[in-house]
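I am opening my notebook to look through one structure, strand by strand, and I will write down what I find as I go.

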Amino acid sequence: MIYEFLIDDSNQNTRLDVFLANEMELSRSEIQKFIEDKKVLVNDKAQKKNYKLNSNDKIKFDYEKEDKTIRAQKHDLDVVYEDEYLAVINKDKNIIVHPTETIYSDTLVNYLMYNFDNLSDVDGDYRRGIVHRLDKDTTGLIIIAKDNDTHLKLKEIIKNHEITKTYLCIVHGKIDESGTIEKHMTRNPKDRKKMMIFDEGKLSISYYKRLDYNEDYSLVKVQIKTGRTHQIRVHMNYIHHPILGDKLYGLKKEKILLNSQVLHAYNLQFIHPQTHEKINVIGKLKPDFITALNKTKLDYTKIPSKL
């Protein structure tokens, strides 16, 4: 679609990229990319992003607005528990939990919409059914709400730390037999993709127990009391035992090359918010985790089959 603008005196001397960013409600960086690609013409000529507009300039902008509708997509899900109120999914790696402003497809929400007739919408269309998150490349258990009342009650359970979340991971080095990590965390101001330990941040608590080890690696069970973003990854790095394969917080050079961090949400225990039954579910390990166990020569049988 071609958008056309006629510049009047009120916009004279305004930069081309600034004017279009304001008119189209796009970021300046997005507008600058369109200008570089010659999708913007001023008086039928391409101009630079810092071109100063003159009265009576005619702008033509070739722009097709993105369709941000969140649609159902067919995808098999590993459902480990389901009833009329909620479900628990054993998520694969490389799946973003919910859409963002720039990603509208191939997320868990898209797949949930295909597989379930009812999903909560407390937090809007982008987060249908989503009560809590897992990182894109963290595998394992995630709870899905089918209605808004269940969703709100599950959020309250999580807020009050009335849910037990247990993870498995492989870390570098021989970690202590057990321990507690209790630190405050916040977003890293120098790199917004990362979290960091910071005294003025939010409290984060992890309890860990070593299941197996050798001189190079340890298989670790981690129970989290709080659920901060990247909590286990940051905590393991903080005690100098970063998670194997972690591109953000791990070692720059790995002896064993993997595509993502070896971290799996293995067990969830909570009281069902509607039926008041105790839910205790385990998510079987995904193939990449088993491959990592074999490569690190750690013992799969040391993982408890019941928690």
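These entries cover a small sheet, then one strand and its partners, and then two loop residues.

Entry 1, on the ground rules. I note that this is a predicted model, in which local features need pLDDT of at least 70 and side-chain atom pairs count only at pLDDT 80 or more, while totals for chains, interfaces and linings use all residues. Residues are numbered from 1 along each chain as its sequence is written, and side-chain values use heavy atoms, with hydrogens and water left out.

Entry 2, on the open sheet. I looked up the strands (DSSP runs of E, at least two residues, numbered from the N terminus, as are the helices, which are runs of H or I of at least four residues) and their pairing (at least two bridges found by DSSP between two strands). Four strands make an open sheet in the order β1-β4-β2-β3, with antiparallel pairing. β1 (2–6) and β3 (45–46) each have a single partner strand and stand at the edges, so one side of each has no neighbour in the sheet. I then followed β1 to β4 (residues 58–62), and found that five bridges join these antiparallel strands; L6 has K58 in β4 as its bridge partner.

Entry 3, on β13. Is this strand enclosed or open to the outside? Eight of the nine residues of β13 are buried (under 20% relative accessible area, with a 1.4 Å probe and protein chains only; exposed is over 50%, and partly exposed lies in between), so the strand is largely enclosed by the rest of the structure. I listed its partners in turn:

- β7 (residues 139–145) runs parallel to β13 and is joined to it by two bridges, with T139 opposite H264.
- β8 (residues 163–172) runs antiparallel to β13 and is joined to it by seven bridges, with T166 opposite N267.
- β14 runs antiparallel to β13 and is joined to it by five bridges, with Q269 opposite N280.

Entry 4, on the turn. I saw that β13 and β14 form a hairpin with six residues between them, and that H276 in the turn has a positive phi of about 65°. This loop lies between β13 (263–271) and β14 (278–282), and H276 is exposed, with a relative accessible area of 59%.

Entry 5, on another positive phi. I reminded myself that most residues other than glycine have a negative phi. N94 is not a glycine, yet its phi is positive, about 65°; I found N94 in the loop between β6 (86–91) and α3 (108–115).
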